[in-house]
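Colleague: I am new to this protein, and before I rely on any of the labels attached to it I would like to hear the reasoning behind them. Could you show it to me and then take my questions one at a time?

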Amino acid sequence: MKHFAISTLLQLTIATSCMVFVSSASAQETKIGYVSTERVMRESAPAKAAEARLDAEFSQRRKDLHDFTLKIKAMAEKLDKDSTVIPESDRIKRQRELSDMDQDFQRKQRAYSEDLSQRSREEIAKLNDLATKTIKQIAETDKFDVIIQDAVYINPRIDITEKVMKALAK
C-alpha cells in the first residue's frame, strides 16, 4: 500500500511538472522537433555505408563457413553411404575426423559471430555519435528548444528525421 501511495505521488508530481512545462512553453513559443533514431540507424547514408563495410569485411569468412558446412555435409553423406562396405577401423577414423571438423566449424562460427557482433557495435557507436552531433547542430542552427527521439506519437509537422538524414549524407 505504501508503494502505491509513493507511486501515485510521483505520478502527480510528474503530471504537475508537465503542465507547468506546457503552460510556460505555450507562453514562450517552444520549438520542438522529433527524430526517428531507428530510421536514421537503418536508412541514412552513413548507416548504409557501415553495413556495406561490415558486409565487405565479413563476406569472405561467411563464404568460408558456408563452404566448410558443405564439406562436412559431403563427408557425412559419404560416410553414411560407405559405412556398410568399409572396415570398422576406417569408419571410426572417419567419424573422428568428421567430429573434429564439426568442432572446428563450431569454433570458427562462434569466432565469426563474436567478431561480427563486436564490429557491428563499433559501427553503431560511430553512427550514433555522428547522428547525435548532427542533431545538436540542427537544433542549434534552427533554434529548437527540444529534440525528442523515440515517442509513442509524433505529429509529422515536427518530424525532422529527413533533415537529419540529409545532413548526415553530406
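Modeller: Let us begin with D150, which sits in the loop between strand 2 (146–149) and helix 5, and please keep in mind that this is a predicted model.

Colleague: Which residues does D150 touch, once those up to four places away in sequence are not counted?

Modeller: D150 touches Y34, V35, T37 and E38. D150 and Y34 are 116 residues apart in sequence, and their C-alpha atoms are 7.8 Å apart in space.

Colleague: What makes the pairing of the D150 and T37 side chains a polar contact?

Modeller: The two side chains are joined at 3.0 Å, and a pair of N or O atoms has to lie within 3.5 Å to be given that name, with one able to donate a hydrogen and the other to accept it; therefore the pair, listed as a polar contact at 3.0 Å, falls within the cut-off.

Colleague: What is notable about the phi of D150?

Modeller: Phi of D150 is near 60 degrees, which is a positive value in a residue other than glycine. Most residues other than glycine have a negative phi. K143, in the loop between helix 4 and strand 2, likewise has a positive phi, near 55 degrees.

Colleague: Why does K143 count as exposed?

Modeller: The relative accessibility of K143 is 62%, and exposed means over 50%, so K143 is placed in that class.

Colleague: Is S44 buried or exposed, and how do you know?

Modeller: S44 has a relative accessible area of 1%, and because buried means under 20%, S44 is called buried. S44 lies in the loop between helix 2 (37–43) and helix 3 (45–82), and, leaving aside its neighbours within four places in sequence, S44 is in contact with R39, L127, M165 and L168. A polar atom of the S44 side chain also lies 2.7 Å from the backbone oxygen of V40.

Colleague: Why is S117 called partly exposed?

Modeller: S117, whose place is in helix 4, has a relative accessible area of 31%; this value is neither under 20% nor over 50%, so S117 takes the class in between. The side chain of S117 is joined to that of R121 by a polar contact of 2.7 Å.

Colleague: How do the axes of helix 4 and helix 5 lie with respect to each other?

Modeller: The axes of helix 4 (residues 88–141) and helix 5 (residues 161–169) come within 10 Å and cross at roughly 115 degrees, and the crossing is right-handed. The contact is made by L130, A131, T134, I135 and I138 of helix 4, together with K163, V164, A167 and L168 of helix 5.

Colleague: What makes up that contact of helix 4 with helix 5, sorted by class?

Modeller: By class, there are seven nonpolar residues, one polar residue and one charged residue. Thr is counted as polar and Lys as charged, so T134 is the polar member and K163 the charged one.

Colleague: How many helices and strands does the protein have, and in what order do they run?

Modeller: The protein has five helices and two strands, and from the N terminus on the elements run α-β-α-α-α-β-α.

Colleague: What share of the residues in the protein is buried?

Modeller: Buried residues make up 23% of the 170 residues. The accessible surface of the protein comes to about 12500 Å², and 57% of this surface belongs to carbon and sulfur atoms.

Key: Residues are numbered from 1 along each chain as its sequence is written. This is a predicted model: local features need pLDDT of at least 70, side-chain atom pairs count only at pLDDT 80 or more; totals for chains, interfaces and linings use all residues. Side-chain values use heavy atoms; hydrogens and water are left out. Axes are lines fitted to C-alpha atoms, for helices over the stretch in contact, and angles run from 0 to 180 degrees between N-to-C directions. Helices (H or I, at least four residues) and strands (E, at least two) are DSSP runs, numbered from the N terminus. A crossing is left-handed if the near helix is turned anticlockwise from the far one by less than a right angle, and right-handed if clockwise. Contact means heavy atoms within 4.5 Å. Buried means under 20% relative accessible area, exposed over 50%, partly exposed in between (1.4 Å probe, protein chains only). Accessible areas come from the Shrake-Rupley method with a 1.4 Å probe; for residues, only the protein chains shown count as cover.
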